[in-house]
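Colleague: Pick one spot in this model and walk me through it closely, please. I'd like the local detail first, then how that spot sits in the rest of the fold.

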Amino acid sequence: MQQRRAGWEARDLYLFFLLPYSLHLTIAETVWRHLKGGWLRPEDYRSTDELAYATNRCLAAFGKELRIRFSPFNEN
């Protein structure tokens with residue numbers, strides 16, 4: 001990796017080293033936060049079957065009807 005770094009930087013590609021676990025930078029955590037915080041409705045929690053169905057419904061719609069803007073300034 002160190003041998004290739006200079007070549008990458010010559011092409012304006014830079015490595016940024018992150019903490020082993022950065023919650024705000026983990027895409028899966030961001031998707032899960034949106035799922036729990038807005039996409040699932042209160043009635044989706046009535047049973048495990050309804051929750052599983054609603055979760056699958058939301059994940060199937062992700063990227064189509066349900067979108068997340070991954071930006072450090074706006075995650076809506």
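**A loop residue and its surroundings**

Modeller: Let's start with one atom pair: a polar atom of the aspartate 44 side chain sits 2.7 Å from the backbone nitrogen of arginine 41. Bear in mind that this is a predicted model. The average pLDDT of the protein is 82, and 86% of the residues score at least 70.

Where does aspartate 44 sit? It is in the loop that runs between α2 (27-39) and α3 (48-61). Despite that loop position, aspartate 44 counts as buried, because its relative accessibility is 4%, and the cut-off for buried is under 20%. If you ignore the neighbours within four places in sequence, aspartate 44 is in contact with Glu50, Leu51, Ala54 and Arg57.

Ala54 is a handy way into the interior. It belongs to the largest nonpolar core, a set of seven residues that also takes in Val31, Leu35, Trp39, Leu40, Cys58 and Ile68. Two elements, α2 and α3, each give two or more residues to this core. The largest share comes from α2, with three residues. As a general point, nonpolar side chains in soluble globular proteins tend to be buried together.

Now for α2 itself. Which of its residues are buried? They are Thr30, Val31, His34, Leu35 and Trp39. These residues lie on the same side of α2, because they cover an arc of only 140° around the axis. The spacing rule behind this sort of pattern is the usual one: an α-helix has 3.6 residues a turn, so residues three or four places apart point the same way. Part of what covers the buried residues of α2 is α3. On confidence, α2 has the lowest mean pLDDT among the elements, at 82, while α3 has the highest, at 91.

From the α3 side, threonine 55 is worth a look. This residue is placed in helix α3, and it counts as buried because its relative accessibility is 15%. Neighbours within four places in sequence aside, threonine 55 is in contact with Leu35 and Leu40, both of which are also members of the nonpolar core.

What about α1? That helix lies largely in the open, because zero of its nine residues are buried. After α1 comes aspartate 12, whose phi is positive, near 65°. Aspartate 12 is in the loop between α1 (2-10) and α2. In general, most residues other than glycine have a negative phi. Unlike aspartate 44, which is buried at 4% relative accessibility, aspartate 12 counts as exposed, because its value is 58%.

Zooming out, the protein has three helices and zero strands, in the pattern α-α-α along the sequence. Of its 76 residues, 18% count as buried. Take the contacts between residues at least 6 apart in sequence: 32% of them join residues at least 24 apart. The accessible surface comes to about 6600 Å², and carbon and sulfur atoms account for 58% of that.

So, back to your spot: aspartate 44 is a buried residue in the loop between α2 and α3, with a side-chain polar atom 2.7 Å from the backbone nitrogen of arginine 41, and in contact with residues including Ala54, itself one of the seven core residues.

Technical notes. Residues numbered from 1 in each chain as written. Predicted model: local features only at pLDDT ≥ 70, side-chain atom pairs only at ≥ 80, totals over all residues. Heavy atoms only, no water. Helix = DSSP H or I, 4+ residues; strand = E, 2+ residues; numbered from the N terminus. Buried < 20%, exposed > 50% of the residue type's maximum accessible area, 1.4 Å probe, protein only. Polar contact = N/O pair within 3.5 Å; in protein donor to acceptor, adjacent residues only side chain to side chain. Contact = heavy atoms within 4.5 Å. Core = buried A, V, L, I, M, F, W, Y, C linked by side-chain atoms within 4.5 Å. pLDDT = per-residue confidence, 0-100. Arc of directions from axis to C-beta. Areas by Shrake-Rupley, 256 points an atom, 1.4 Å probe, with all protein chains shown as cover.
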